[in-house]
Amino acid sequence: MDLPTDLAAALDAATADLPLRELESSVDRLIARYRTPGRADRPILSGHIDAAAYAAYRMPATWGAVRAALAATAERRPGWAPQSLVDVGGGTGAAAWAAATVFGDSLKEVTVLDQVTEALELGRGLARNAFSGALRHAEWRKVRFPAEVPGADLVTVSYVLSELAPDAQQALVRASAAGAETIAILEPGTPDGYQRIIAARDVLIDMGLRVAAPCPHSETCPLLATGDWCHFASRIHRTPLHRRLKGADLQYEDEKFAYVVATRTPVGASPARILRHPQTRKGLVMMQLCQPDGTVAQTLVSKRQGDVYRAARDADWGDEWPVLGSAQQPTD
Ligand SMILES: C[S@@+](CC[C@H](N)C(=O)[O-])C[C@H]1O[C@@H](n2cnc3c(N)ncnc32)[C@H](O)[C@@H]1O
């Protein structure tokens with residue numbers, strides 16, 4: 001996935017005149033801090049250089065993760081066209097850009113809430129020439145949670161919970177979901193990020209919302225009993241500045257993320273979801289599926305299944321299964 005061209009150009013312009021050494025040392029500090037999730041007594045982003053460093057090295061990955069989660073939501077809800085978005089702990093606006101990518105012109109009103117003035121200012125500047133009118137006219141509001149969250153068709157809480165104590169995480173999920181028609185919560189795709197998503201998912205279900213993605217059900221997560229954790233990946237192409245700031249040679253990075261999307265309007269029956277990269281052996285595709293009945297299962301698709309096999313060969317981690325139009329049949 002490439003960043004939208006308007007966002008890529010805005011990031012280049014915003015960092016062009018900043019001292020590279022300072023950006024690099026800010027990136028090193030931020031990487032070290034985010035590696036050890038835990039309550040932040042003071043904002044982790046402190047000042048303009050930190051906000052710019054975050055936008056340059058991290059925002060592309062969080063944009064990619066939110067875009068993937070919202071694309072999965074759109075697939076579950078064909079024709080759904082959210083008009084208002086509130087991005088909670090939105091920082092420089094990655095989730096708002098992702099929503100604009102997925103929902104395009106349907107989005108009319110964007111509000112980004114965060115405690116860091118410099119992140120909000122940078123976000124506003126990045127969005128100044130965005131193709132999306134909703135982004136250009138977004139409201140960037142300074143808020144320190146706990147606080148009330150305005151209602152919206154879509155509320156995003158992307159990579160925020162790890163900075164809060166567990167009871168504050170619960171409170172933020174409740175406040176964010178209170179006026180949300182749909183809420184998307186994302187965390188890093190680590191075992192502890194998954195645990196925070198599971199705790200948030202429990203709160204949402206307790207509030208009467210139904211899970212729309214990635215789970216095809218609102219039952220207890222079947223992976224909890226296995227020691228495994230549910231997560232997905234989004235591949236982002238790195239810009240030269242991104243590579244330089246991360247000291248990386250690879251042209252891309254795979255952002256691993258865990259997420260839950262829940263809605264007030266039930267979205268109808270869901271197919272299974274593929275939980276890992278499908279394994280392809282001679283004439284066989286093996287997939288691990290989370291199923292609508294709340295169980296997890298391995299399924300084998302053989303070459304003898306023709307179109308179903310071809311669909312399985314093309315299927316990817318995080319996709320729904322069966323894909324539309326390929327009725328899954330048992331292997332013998
Ligand atoms: C890791 S950044 C994620 C930014 C953005 N959502 C993204 O996905 O790129 C976490 C953001 O949450 C904000 N945040 C954390 N705790 C907060 C609080 N108590 N009140 C307001 N914002 C908070 C931080 O200021 C920061 O911008």
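Which residues are linked with Arg76 in a network of salt bridges? They're Arg273 and Glu320. I'll come back to salt bridges in a minute, but one caveat before anything else: what you're looking at is a predicted model.

Okay, the ligand. There are 19 residues around it, and the ones that come nearest are Tyr54, Thr62, Gly89, Asp114 and Ser158. If you sort that shell by class, you get 10 nonpolar residues, 6 polar ones and 3 charged ones.

Let's go through a few of the contacts. Tyrosine 54 puts a polar side-chain atom 2.6 Å from an oxygen atom of the ligand. Threonine 62 also has a polar side-chain atom by a ligand oxygen, and there the distance is 2.8 Å. With phenylalanine 145, what you want to look at is the backbone: one of its N or O atoms sits 2.9 Å from a nitrogen atom of the ligand. And how much of the ligand does the protein cover? On its own the ligand has 590 Å² of accessible area, and the protein covers 97% of that.

Right, back to salt bridges. Searching the whole structure turns up 16 of them, and I'd like to walk you through three pairs.

Start with arginine 29 and aspartate 50, whose side chains meet at 2.2 Å, N to O. The arginine belongs to helix α2, residues 20–35, and the aspartate to helix α3, residues 48–57, so this pair ties together parts that are 21 residues apart in sequence. Are the two partners buried or exposed? Well, arginine 29 is partly exposed, at 40% relative accessibility, while aspartate 50 is buried, with a relative accessible area of 6%.

Next pair: arginine 196 and glutamate 187. Their side chains form a salt bridge at 2.7 Å, again N to O. Here arginine 196 counts as buried at 11% relative accessibility, and glutamate 187 is buried too, with a relative accessible area of 0%.

Then there's aspartate 228 with arginine 276, a salt bridge at 2.6 Å, N to O. This one runs between loops. Aspartate 228 is in the loop between β6 (210–213) and β7 (232–237), and arginine 276 is in the loop between β9 (272–274) and β10 (279–281), so the pair ties together parts that are 48 residues apart in sequence. As for exposure, arginine 276 is partly exposed, with a relative accessible area of 29%.

Now, on to some strands. If you scroll along to β11, residues 284–290, you'll see this strand pairing with β12, residues 296–302, in the antiparallel sense over 7 bridges. To get your bearings there, find methionine 287, which stands opposite threonine 299 in β12. The two strands make a hairpin with 5 residues between them. Have a look at glycine 294 in that turn, by the way, since its phi is positive, about 90 degrees.

Last stop, aspartate 202. You'll find this residue in helix α9, which spans residues 191–206. Aspartate 202 counts as partly exposed, at 47% relative accessibility. And where does aspartate 202 sit relative to leucine 11? Along the chain they're 191 residues apart, and their C-alpha atoms are separated by 37 Å.

That's my tour. If you take one picture away, take the ligand: 97% of its accessible area covered by the protein, with Tyr54 and Thr62 among the residues that come nearest.

Technical notes
Residues are numbered from 1 along each chain as its sequence is written. This is a predicted model: local features need pLDDT of at least 70, side-chain atom pairs count only at pLDDT 80 or more; totals for chains, interfaces and linings use all residues. Side-chain values use heavy atoms; hydrogens and water are left out. A residue is near a molecule or strand if one of its heavy atoms lies within 4 Å of it. A polar contact is a pair of N or O atoms within 3.5 Å; within protein, one must be able to donate a hydrogen and the other to accept it, and residues adjacent in sequence count only if both atoms are side-chain atoms. Accessible areas come from the Shrake-Rupley method with a 1.4 Å probe; for residues, only the protein chains shown count as cover. Ala, Val, Leu, Ile, Met, Phe, Trp, Tyr, Cys and Pro count as nonpolar, Asp, Glu, Lys and Arg as charged, and the others, Gly among them, as polar. Two strands pair if DSSP finds at least two bridges between them. Helices (H or I, at least four residues) and strands (E, at least two) are DSSP runs, numbered from the N terminus. A salt bridge is a side-chain nitrogen of Lys or Arg within 4 Å of a carboxyl oxygen of Asp or Glu. Buried means under 20% relative accessible area, exposed over 50%, partly exposed in between (1.4 Å probe, protein chains only).
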